[in-house]
Every structure is written in structure tokens, then in C-alpha cells.
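Hi,

Here is the structure I promised to send over. Have a look, and my notes follow underneath.

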Amino acid sequence: MASVGNNVAGGLEAGLIKPGSVGSGLSKETRHGHGRTAHNMSSSSLRKKSDVTLVSKVRWEILRNFLANLQEIFLGTKLFVLFPAVPLAIVAQSFGLGRAWVFTLSLLGLTPLAERVSFLTEQIAFYTGPTVGGLLNATCGNATELIIALFALYKGKIDVVKFSLIGSILSNLLLVLGTSLFCGGIINLRKEQTFDRKQADVNTSLLMLGALCHMLPLMFRYAVSSGEDIGSSSPTLTLSRVCSIVMLVAYIAYLFFQLKTHRQLFESQEEDEDNDDVVSEDEAVIGFPSALAWLVGMTIVIAILSEYVVGTIEAASNSWGISVSFISIILLPIVGNAAEHAGAIIFALKNKLDITLGVSLGSATQISMFVVPLSVIVAWIMGIQMDLDFRLLETGALVVSILLTSFALQDGSSHYLKGFVLLLSYIVIGACFFVLGSPPGNGNGVNVNSIPATFSTVEA
């Protein structure tokens, strides 16, 4: 208890922890019981300790608290060097600079913001408890993808929505997991890398359900195209909406399974106490009102940058000579989730594959079973006809990727060759979408002349 008191005293001195917010009355079980999931642990690997020596010398308490919060928010991450991209993107947009520059700066600015959102949700979880904290993490864990999808829907860019979401799933399953298993296997050649199959089995089963819900509208449209004319796309659209509702129900059941009945399967082990590279989050470093206010502010900034990304993606495509499909499927997920992906690789190097799998499979499950069906439901409310038919090529890549991942994880052990195969699979898929580019001036990202007529039409 003495160590807890010293920590709280240090927080009070720095102006980070308000009196009565987190005190010695919190037991170790309560403080650790806020549910340190794999996503939290992954984000923690990119945090660094803030030196509050200078801030603590400020005489005025209000100013001291404000400066301490600023220092913790903007300097408490190893990605702080990317924060200047946020104001630069706003300036570039305001003064009408090159739209490709606006797109690039906005994409870079989203990287540290996504990591800070994860940090702030973890801080709020100290005050709300593990259940509410887990729900916050489940909804805000992929806030960037969700906000980009909503803005793209608002502007009627259904292709961008579908491409970016399918790209996020492929990136998590093949690029992140593949790189992690490959690097972890190389570094730990003389150590057997094992993991708990139970969590992996839960996520892969949900991913297979999501793949089925993606395949059914595609197969349905293909089946009826050679028969009688159905008159409109409403049957496929109706089937997609039904599948989306089923997926959301399955995701709610998954949250109940994760946060209540089988929480022990998803809680990650704490880092070693002698590891100085990872910041130990035993207690809150920001008060609840401040954390909530910063979370709202960060979300607003993410929304602004997401609007810039959606609005300038065609201009960047034309400027770089790269199709919108390649940018959305490959570049957006890589840059937007760089912080989370780096954390997954770091823990794989440390032979902590449970955390790595929790990040990669958990994010893929969240996108597939929550963000994708939610986008369909929101589009339905907005009067936009978005379905789950992601075309033959995209759906086939998704299904094969899920199968490859399931086979790689079936025995509960890993080595570098498994990761290498997943990584090469991602490279092949990326090359496919790079080659399948659009001709100059075609903003939809797909060369419709090279696709059979059966699969060239998007129900929109």
C-alpha cells in the first residue's frame, strides 16, 4: 500500500491525478481489473514516461494541471513526432494546397490520434470499471475506420467504404499477423512460440461467420443473374441487411462472452516489472473529466482528418497514378493502424503471441462483425443502398485469407514460416489490386472493362 500512496502522491504533485479520483482505497485487483486487453497492451508498448519535473515547479495549480495534461497527451507516446501533421493538414486544406498533400498529411496525422484514443479509453476504464471500459474499447478500438466509413457513406462513396473495410481485415490477418509471426519466429528460433488456441478459435469462428455473410449476397446475385430478371437489386440489398443484423447480434454475443462469461480468455498478462520499455498502467494518470474531454476532442479531430482523407482520395489517386482500390485496401489500413500494428509486432518479438493474436484477430473481428454491418445499417437509415456484396475478387481474397489464418493457428504454435506465408499472401493480394487499377480519370478504382459483366455492377 505504501507504493500505491507514493504513486498517487506523485500524481497529485504533477497535477495529473485529482484528489479522490484514484486513491489508496483502490485494491490491486480493482486497478488491474479494468480489463487490460490485448489492444491496451499493444498501445502501451508505444508509450513513454513523461518527465513532469519542470511542470511540477509551476506555481499556479490550474496552469500546472493544464500543462501536465498537455505533456501526458502529446509527449506520452513515441509517435509524438507525427502530431505536427495534424495542423499541417488543416493548413494545407484551408489554403488550398495540393490535395495529394492534404491526403498524405491527414493520413499521417491519424496515426498518433488513433493511439491516443486507445490511451484515453484505457484511462476512462479506471473510473468506469472493466465492463464499461471494455465496451469503450470495443467501440473505439477501430474508431478511425468507422469514422472514415461514415464520411465516405455521407458523400456516397460506397466503393471507398467497402475497399477500406475489406483492406483493414486483410491487413490485420495477413500483414500484421504475418509480420509478427515471421519476426517473432526469427528472433525466437530456439524458443517454441505457443499461444492459447481458445481465443484464436473464438475469433476465427466469428470471422468465418462474417465471410459467409459476405458470400451469400454475392452468390445470390450470381445465382439469379442467369435466371429470370428480378427487376431490381432489392433482394440482394434485403439479404445484406438481414445478414448485417445477424452479424451485429453475433458481435453483441461476442462482447458478452468477452466481457462477462469468459473474460479470462481475453485478459492479457501484465508486462514484467523490470521492463522499462513499456509504461506500466497500474493507475490513472489523467482525471476522468480531462480524459473524457480529450477523448471527445480527439474524436472531433479524427473526424476532420477523415473527411479530408475521403475528400482527397481521388485527387491523390490521380496524382500518384495509383488506383483508389489500391489506396483504400492497402495504404489506408497500413498507415491508419500503424501504431497498433507496431505494438503487435513488438510483443511477438518478446514471445507474447497471445497479445499479438488479440490485437490482429480482435481488430479483424471488430471490423468484420461490427464496423461492416453497422455501415450497412447506417447507410440504410441514410437512404443509401449499400450491401454486403463486396464483388468476387475482394470477397474471394477475404475468404482465402481467413482460411489461411485459421490453418496457420490450428495447432497452437508458431514459427517463422507460417508468418512468411501469410506475409507473402498479403503481397500477392496487394499486387493484384495494384495491377487491377483504373484508367486515368476513372475515380472508382476499378477497371470495369476488365471485369465480367456479372460482377462489374455495384448495387448502389
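Contact here means heavy atoms within 4.5 Å, and helices are DSSP runs (H or I, at least four residues) numbered from the N terminus. Bear in mind that this is a predicted model: local features need pLDDT of at least 70, side-chain atom pairs count only at pLDDT 80 or more, and totals for chains, interfaces and linings use all residues. Residues are numbered from 1 along each chain as its sequence is written, and side-chain values use heavy atoms, with hydrogens and water left out.

Let's start with helix H5 (residues 85-94), where Ala 85, Val 86, Ala 89 and Ala 92 are buried (under 20% relative accessible area, 1.4 Å probe, protein chains only). Those buried residues line one face of H5, because they fall within an arc of 130° seen down its axis (taking directions from the axis to the C-beta atoms). Their cover includes helix H6 (99-128) and helix H12 (288-320). After H5 comes Gly 96, with a positive phi near 65°.

Now the core. The largest nonpolar core (buried Ala, Val, Leu, Ile, Met, Phe, Trp, Tyr and Cys joined through side-chain atoms within 4.5 Å) has 99 residues. Helix H9 (residues 158-187) gives the most to this core, 13 residues. Met 386 is among those with the most contacts inside the core; leaving aside residues up to four places away in sequence, Met 386 touches residues including Leu 153, Val 161 and Leu 237.

Finally, Asp 389 sits in the loop between helix H15 (353-382) and helix H16 (392-408). Asp 389 is buried, at 2% relative accessible area, and its side chain makes a polar contact (N or O atoms within 3.5 Å, one able to donate a hydrogen and the other to accept it; residues adjacent in sequence count only if both atoms are side-chain atoms) with the side chain of Arg 221, at 2.5 Å.

Cheers

Note on methods. Buried means under 20% relative accessible area, exposed over 50%, partly exposed in between (1.4 Å probe, protein chains only). Helices (H or I, at least four residues) and strands (E, at least two) are DSSP runs, numbered from the N terminus.
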